[in-house]
Amino acid sequence: MERSTSAPTWANIGVYGQSPAILFDEGNIVTYADLEALTERLREQLDPKWRLVALEMAASCFSVAALLACLRAGIAVILLPDQAKQELVGARRRFSPDAVFRKRGERWLFQEEASSSCAPIHPDLGIVLMTSGSTGEGKAVRISRQALTANARQIAIGLRLETDDRALLTLPLHYAYGLSVLSSHLAVGASIYLPKRSVLEDGFIRAAIEVSPTNLPGVPFTYELFERKELVDCLPESLRFATVAGGRLEAERAAAWPHEWATEAAASS
């Protein structure tokens, strides 16, 4: 299928039908049709009065669908780590979101907040990303919906992503780099694999081989972990390129990987 990047990432996913969108372990696959249906179901739960939602961005199709639903409805989203109570407390105190999307028991739910801020929100605001706050409380980075779409398109074009591409994504989705991998792949009908295991856990590489990923995004520490576990020579044969952001990959480390790979690309927003 020809790439389609003319519309925003969140607006056109239904056109890819039964193509896989998100893959998990044990052969669990969420197709684009599944993701589209879930997105619309969650969109129906949104209150038209909401302007800002705090979203726990887990490695889950529910978090991805909730993000797409909010963007379609024109509601800005604060992306938070999964089950991060401290970050949620901080987001409530600083931004007073209208609702929170998170897992309660076995269900993912939008929960309206008892009080929300009356402060104006720019109509073009799409996403608020929180920095790590290594020197104190993290800063908030505002990203417009237009910028999110442009970023996804540029990455897809730069990496020549096609519908048969599949990212082996170990990075968190609330992180700018992880988000850019998600949005760029959704923009062209490609897929992402979200492993339950970390690189350091037994069975990681075996599970990765089973889903035949075509690309590996990571930060320098990601590649250090692969080397530490002696997994470089065990990589899936389907991999055709890797990308790195969040710091420069040292020349000695890059040399340990297949020489034909493009091991350095600007893949974060």
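**Reading a cavity and the core in a predicted model**

Author: Let's start with a list you can select on screen: Thr 9, Trp 10, Leu 67, Leu 68, Leu 71, Leu 148, Leu 179, Leu 182, Ser 183 and Leu 186 form the lining of the second largest cavity. Keep in mind that this is a predicted model.

Reader: Happy to. How many cavities does a search of the whole structure find?

Author: A cavity is a space where a probe fits but cannot get out. Here the search turns up three of 30 Å³ or more, and the second largest has a volume of about 50 Å³.

Reader: Which helices supply at least two residues each to the lining of that second largest cavity?

Author: They are α2 (61–72) and α5 (176–188). The most comes from α5, with four residues.

Reader: And how do the lining residues divide into nonpolar, polar and charged?

Author: Sorting a lining by residue class is a good next step. In this case, eight are nonpolar, two are polar and none is charged.

Reader: Now the core. Which residues have the most contacts inside the largest nonpolar core?

Author: Think of a core as buried nonpolar residues joined through their side chains. This one has 50 residues, and those with the most contacts inside it are Ile 22, Leu 35, Val 64, Leu 67, Leu 79 and Phe 110. Its top contributor is α2, with nine residues. There is also a second, separate core of 21 residues, including Leu 168, Val 199, Leu 239 and Ala 242.

Reader: Leu 67 lines the cavity too. What is Leu 67 in contact with, leaving aside neighbours within four places in sequence?

Author: Its partners are then Leu 55, Met 57, Val 77, Leu 79, Ile 127 and Leu 179. Of these, Leu 179 is also among the cavity-lining residues, and Leu 79 is one of the core residues with the most contacts.

Note on methods
Residues are numbered from 1 along each chain as its sequence is written. This is a predicted model: local features need pLDDT of at least 70, side-chain atom pairs count only at pLDDT 80 or more; totals for chains, interfaces and linings use all residues. Side-chain values use heavy atoms; hydrogens and water are left out. On a 1 Å grid over the protein atoms alone, a cavity is a set of points where a 1.4 Å probe fits but cannot get out, and a pocket is an open set with protein on both sides within 12 Å along at least five of seven lines; lining residues have an atom within 4 Å of a point. Grid points are joined across faces, edges and corners, and a volume is the space filled by probe spheres set on the points. Ala, Val, Leu, Ile, Met, Phe, Trp, Tyr, Cys and Pro count as nonpolar, Asp, Glu, Lys and Arg as charged, and the others, Gly among them, as polar. A nonpolar core is a set of buried Ala, Val, Leu, Ile, Met, Phe, Trp, Tyr and Cys residues joined through side-chain atoms within 4.5 Å. Buried means under 20% relative accessible area, exposed over 50%, partly exposed in between (1.4 Å probe, protein chains only). Contact means heavy atoms within 4.5 Å.
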